[in-house]
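Visitor: I've never looked at this one before. Could you walk me through it, one question at a time?

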Amino acid sequence: MELLTISTHAHDSFTVIALAGELDLSTSPQLQQQVLLSRTRSPHLVFDLAGLTFMDTTGLRVIVNAHTHARHNNGSVAVAGLTGGPLRVLEVTGLHECLPVFATLDEALSAACAAPETHYLDAT
């Protein structure tokens with residue numbers, strides 16, 4: 001089983017959380033812990049999922065919960081870099097229409113920086 005690797009870095013007022021490996025029932029608590037820690041630095045999160053090889057609905061739940069929390073607390077969440085199976089999970093659940101989703105991290109960060117007054121990323 002491939003482990004989950006999580007790294008973070010700041011970009012303007014956003015925290016980028018980059019994931020590589022598998023996000024599933026056994027690794028989603030790791031991400032949840034990182035989300036809670038990252039929220040103490042900024043309410044604006046960008047998930048860079050380009051390195052994910054697998055994601056199930058427990059991992060997706062962590063991202064959706066982060067999005068819900070952000071919306072209720074003047075924050076924002078965006079998702080970038082999804083491909084393959086992880087993208088399919090988002091599409092099958094219909095959440096690609098509810099979450100701001102960008103093809104690349106650069107696109108997500110450009111959108112974030114273009115609308116700093118709202119801190120809500122519009123993927124359309």
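Guide: Happy to, and keep in mind that this is a predicted model. Let's start with strand S2: nine of its 10 residues are buried, so S2 is largely enclosed by the rest of the structure.

Visitor: What pattern does the chain follow along the sequence?
Guide: The secondary structure comes to four helices and five strands. Read from start to end, those elements give β-β-α-β-α-β-α-β-α.

Visitor: In what order do the strands sit in the sheet?
Guide: The five strands make an open sheet, and its pairing is mixed. S1 and strand S5 (101-102) stand at the edges with a single partner strand each, so one side of each has no neighbour in the sheet. The full order is S1-S2-S3-S4-S5.

Visitor: How many bridges join S1 to S2, and do they run parallel or antiparallel?
Guide: One pair to look for is serine 7 with its bridge partner in S2, alanine 18. The two strands form a hairpin with two residues between them. Seven bridges join S1 to S2, and the strands run antiparallel.

Visitor: What is the phi of aspartate 12 near?
Guide: Aspartate 12 lies in the loop between S1 (5-11) and S2 (14-23), and it counts as exposed because its relative accessibility is 61%. Most residues other than glycine have a negative phi. Aspartate 12 has a positive one, near 55°.

Visitor: Which way does the chain turn as it crosses from S2 to S3, right-handed or left-handed?
Guide: S2 and S3 pair over eight bridges in the parallel sense. Glycine 21 stands opposite leucine 52 in S3, if you want a spot to look at. The chain goes from S2 through H1 to S3, and this β-α-β crossover is right-handed.

Visitor: What is the bridge partner of histidine 44 in S4?
Guide: Here we're at the pairing of S3 with S4, which run parallel and are joined by five bridges. Histidine 44 has its bridge partner in S4, and that partner is serine 76.

Visitor: Is threonine 27 buried or exposed?
Guide: Threonine 27 is found in the loop between S2 and helix H1 (28-39). Leaving out residues up to four places away in sequence, threonine 27 touches Leu4 and Glu22. Its relative accessible area is 4%, and under 20% means buried, so threonine 27 is buried.

Visitor: Which backbone nitrogen does the side chain of threonine 27 reach?
Guide: That side chain has a polar atom 2.8 Å from the backbone oxygen of glutamate 22. The side chain of threonine 27 also reaches a backbone nitrogen at 2.9 Å, and that nitrogen belongs to aspartate 24.

Visitor: And serine 28, which residues is it in contact with beyond its neighbours within four places in sequence?
Guide: Serine 28 is found in helix H1. At 5% relative accessibility, serine 28 counts as buried. Setting those sequence neighbours aside, its contacts are Leu23, Thr58, Gly59 and Val62.

Visitor: Which elements do the buried residues of H2 pack against?
Guide: H2 has 16 residues and reaches 22 Å from its first C-alpha to its last, close to the 22 Å expected. Its buried residues are Thr58, Gly59, Leu60, Val62, Ile63, Ala66, His67 and Ala70. In general, residues three or four places apart in an α-helix point the same way, because there are 3.6 residues a turn. The buried residues of H2 pack against S2, H1, strand S3 (44-55), S4 and helix H3 (84-93).

Visitor: Which residue with a positive phi follows H2?
Guide: Look in the loop between helix H2 (57-72) and strand S4 (76-80). The residue there is exposed, because its relative accessible area is 70%. Its phi is near 55°, and the residue is asparagine 74.

Visitor: What percentage of the residues in the chain is buried?
Guide: Let's take the whole chain now. It exposes about 6,200 Å², with carbon and sulfur atoms supplying 55% of that. Among contacts between residues at least 6 apart in sequence, 63% join residues at least 24 apart. Of the 124 residues in the chain, the buried ones make up 45%.

Note on methods: Residues numbered from 1 in each chain as written. Predicted model: local features only at pLDDT ≥ 70, side-chain atom pairs only at ≥ 80, totals over all residues. Heavy atoms only, no water. Buried < 20%, exposed > 50% of the residue type's maximum accessible area, 1.4 Å probe, protein only. Polar contact = N/O pair within 3.5 Å; in protein donor to acceptor, adjacent residues only side chain to side chain. Contact = heavy atoms within 4.5 Å. Expected span 1.5 Å × (residues − 1). Areas by Shrake-Rupley, 256 points an atom, 1.4 Å probe, with all protein chains shown as cover. Pairing = 2+ DSSP bridges. Right-handed = clockwise from strand over helix to strand, strands pointing away.
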